Amino acid sequence: MSHTVRLREALAAVPVYKPGKPAAVREGVTAYKISSNENPYPPLPSVLQVVADAAMQMNRYPDLAVTELTQALARRLGVPAEHIATGTGSVGVLGQLVAATCDPGDEVIYAWRSFEAYPIVVALAGADSVQVPLDGHARHDLAAMAAAITDRTRLILICSPNNPTGPVVHQDELDGFLDEVPPQVLVVLDEAYVEFVTDDRAPDTLATYASRPNVAILRTFSKAYGLAGLRVGYAVAHEPVAQALRKTAVPFGVSTIAQQAAIASLAAFDELQERVDALVAERERVVSGLRHQGWHAPQTQANFVWLPLRADTAAFAAAADKEGLVVRTFAGEGARCTIAETEANDRLLHVARKFVVARTF
Ligand SMILES: *Cc1c(COP(=O)(O)O)cnc(C)c1O
């Protein structure tokens with residue numbers, strides 16, 4: 001008789017998520033963790049007040065149907081409330097999407113390198129990841145992704161802007177791609193960073209979803225809205241997909257505090273937009289600084305920049321760490337660096353310049 005608990009075989013294929021490291025403490029140096037794409041601004045006073053008020057009800061279960069937030073989102077986006085499904089962060093909604101579409105052995109197509117959570121949620125469902133390499137500009141290769149569709153394909157994830165490299169897909173290429181996807185395959189446009197996009201070739205995803213029943217949009221309050229710690233994200237999808245996402249949600253997963261903070265953040269949109277604009281301006285300053293130094297940084301539309309360091313990735317991370325900056329590394333590929341406080345951004349440019357001077361590549 002075996003003495004070990006029998007666990008699902010699918011778990012053997014689940015990669016362990018690596019959270020961003022905390023910054024190392026160094027005397028006299030403010031350390032910055034620019035490895036998790038967090039918003040550097042503290043919560044707005046108006047949002048904090050709502051959170052404090054909501055905390056008074058923590059002995060109660062939250063509204064299971066997330067009614068008020070769903071209605072606020074529907075109004076802001078101009079979509080029917082029935083088309084909105086919420087979850088514990090957009091990673092939570094991603095799990096709901098896979099649970100709603102995939103049986104063991106089904107296939108999920110996504111670009112690679114892309115968001116670290118994709119292989120995890122796919123493997124958890126016992127489904128198979130089909131990873132299609134990015135093109136030479138660190139962009140989605142939509143032609144190759146269309147060619148990867150089989151009769152086992154149930155779900156296609158398009159990350160735009162792409163985490164960790166930054167570029168968006170363009171409306172014309174997305175339209176051409178969607179024309180080739182069979183109507184029974186769900187295409188999810190993961191727009192965690194949509195608020196930071198300034199490229200006018202980026203897709204109008206609400207219009208795209210409105211005209212295509214097999215397209216859904218995935219968004220979050222974690223990045224531009226600065227609520228990463230409260231775990232609230234949502235999908236915009238047609239019935240019956242939205243209904244399936246409500247079925248696969250963790251019951252009572254989105255707390256009252258998170259629901260109320262998200263509503264208050266929508267109400268404070270203008271104030272938050274000023275912060276987003278400032279981060280976008282910093283992004284452009286950092287990217288042009290890096291290019292001026294000779295870096296081939298892709299055209300990022302998010303709140304981070306990608307340095308394609310390849311074999312030099314670990315050495316760069318060590319150099320950054322020495323200066324009190326923790327970056328996110330992908331061994332042998334590159335480093336993702338979040339646009340953060342001005343001082344952190346200045347320091348990133350400083351570390352990058354020193355690195356370029358020290359090595360020629
Ligand atoms: C950060 C991120 C998310 C959002 O995660 P939450 O669970 O909403 O905090 C989703 N997709 C991508 C690509 C991300 O980078």
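## Close-up views of a predicted model

**View 1. Tyr 32 and its neighbours.** Setting aside residues within four places of it in sequence, Tyr 32 is in contact with Ala 23, Gly 324, Leu 325, Val 326, Glu 341, Glu 343, Ala 344 and Arg 347. Please keep in mind, here and in every view that follows, that this is a predicted model. Tyr 32 belongs to strand β1. Its relative accessibility is 11%, so Tyr 32 counts as buried, the cut-off for that label being under 20%. One of the listed neighbours also makes a polar contact: the side chains of Tyr 32 and Glu 343 are joined at 2.8 Å. For a sense of the backbone here, Pro 22 is 10 residues from Tyr 32 along the chain, and their C-alpha atoms are separated by 8.4 Å.

**View 2. Asn 39 in the loop after β1.** Asn 39 sits in the loop between β1 (32-34) and α1 (45-55). Is this loop residue buried or exposed? With a relative accessibility of 16%, Asn 39 counts as buried. Beyond four places in sequence, Asn 39 touches Lys 223, Ala 224, Gly 226 and Leu 279. Two backbone oxygens are worth finding in this view. The backbone oxygen of Lys 223 lies 3.1 Å from a polar atom of the Asn 39 side chain, and the backbone oxygen of Ala 224 also lies 3.1 Å from a polar atom of that side chain. Glu 341, which appeared in View 1 as a contact of Tyr 32, is 302 residues from Asn 39 in sequence, yet their C-alpha atoms are 9.1 Å apart in space.

**View 3. The ligand and its shell.** The ligand is surrounded by 13 residues, and the closest are Ser 90, Tyr 193, Thr 220, Ser 222 and Lys 223. Lys 223 is also the residue whose backbone oxygen faces the Asn 39 side chain at 3.1 Å in View 2. Sorted by class, the shell holds 5 nonpolar, 5 polar and 3 charged residues. Helix α3 (residues 89-101) supplies the largest share of it, with 3 residues. Which side chains bring a polar atom to 2.5 Å from a ligand oxygen? Tyr 193 does so with an N or O atom of its side chain, and Thr 220 has a polar side-chain atom 2.5 Å from an oxygen of the ligand. Asn 163 places a polar side-chain atom 2.8 Å from a ligand oxygen. On its own the ligand has 390 Å² of accessible area, and the protein covers 93% of that.

**View 4. The nonpolar cores.** The largest nonpolar core has 81 residues, and the members that touch the most others are Ile 156, Ile 158, Phe 177, Phe 221 and Phe 316. Helix α10 (residues 269-292) gives the most to this core, contributing 7 residues. To explore it from one member, start at Ile 156: apart from residues up to four places away in sequence, Ile 156 touches Ile 109, Met 145, Ile 149, Phe 177, Val 181, Val 185, Leu 186, Val 187 and Val 188. A second, separate core has 26 residues, among them Val 93, Leu 94, Val 121 and Ala 242.

**View 5. Helix α4 and what covers it.** Why can helix α4 (residues 117-124) be called largely enclosed by the rest of the structure? Because 7 of its 8 residues are buried. These are Ala 117, Tyr 118, Pro 119, Ile 120, Val 121, Val 122 and Ala 123. The elements covering them include α3, β3 (107-112), β4 (128-133), β5 (153-159) and β6 (186-190). Helix α3 is familiar from the ligand shell in View 3, and Val 121 from the second core in View 4. Just after α4 comes Gly 126, with a positive phi of about 80°.

**View 6. Helix α2 and Thr 256 of helix α9.** In helix α2 (residues 67-77), the buried residues are Leu 69, Thr 70, Ala 72, Leu 73, Ala 74 and Leu 77. Their cover includes β2 (84-87), α7 (205-211), β7 (215-220), β8 (233-236) and α9. Gly 78 follows α2 and has a positive phi, near 70°. Now look at α9 itself (residues 256-267), where Thr 256 is found. Thr 256 counts as buried because its relative accessibility is 16%. Outside its neighbours within four places in sequence, Thr 256 is in contact with Ala 54, Gln 57, Tyr 61 and Pro 62.

Notes. Residues are numbered from 1 along each chain as its sequence is written. Side-chain values use heavy atoms; hydrogens and water are left out. A residue is near a molecule or strand if one of its heavy atoms lies within 4 Å of it. A polar contact is a pair of N or O atoms within 3.5 Å; within protein, one must be able to donate a hydrogen and the other to accept it, and residues adjacent in sequence count only if both atoms are side-chain atoms. Accessible areas come from the Shrake-Rupley method with a 1.4 Å probe; for residues, only the protein chains shown count as cover. Helices (H or I, at least four residues) and strands (E, at least two) are DSSP runs, numbered from the N terminus. Ala, Val, Leu, Ile, Met, Phe, Trp, Tyr, Cys and Pro count as nonpolar, Asp, Glu, Lys and Arg as charged, and the others, Gly among them, as polar. Buried means under 20% relative accessible area, exposed over 50%, partly exposed in between (1.4 Å probe, protein chains only). Contact means heavy atoms within 4.5 Å. A nonpolar core is a set of buried Ala, Val, Leu, Ile, Met, Phe, Trp, Tyr and Cys residues joined through side-chain atoms within 4.5 Å.
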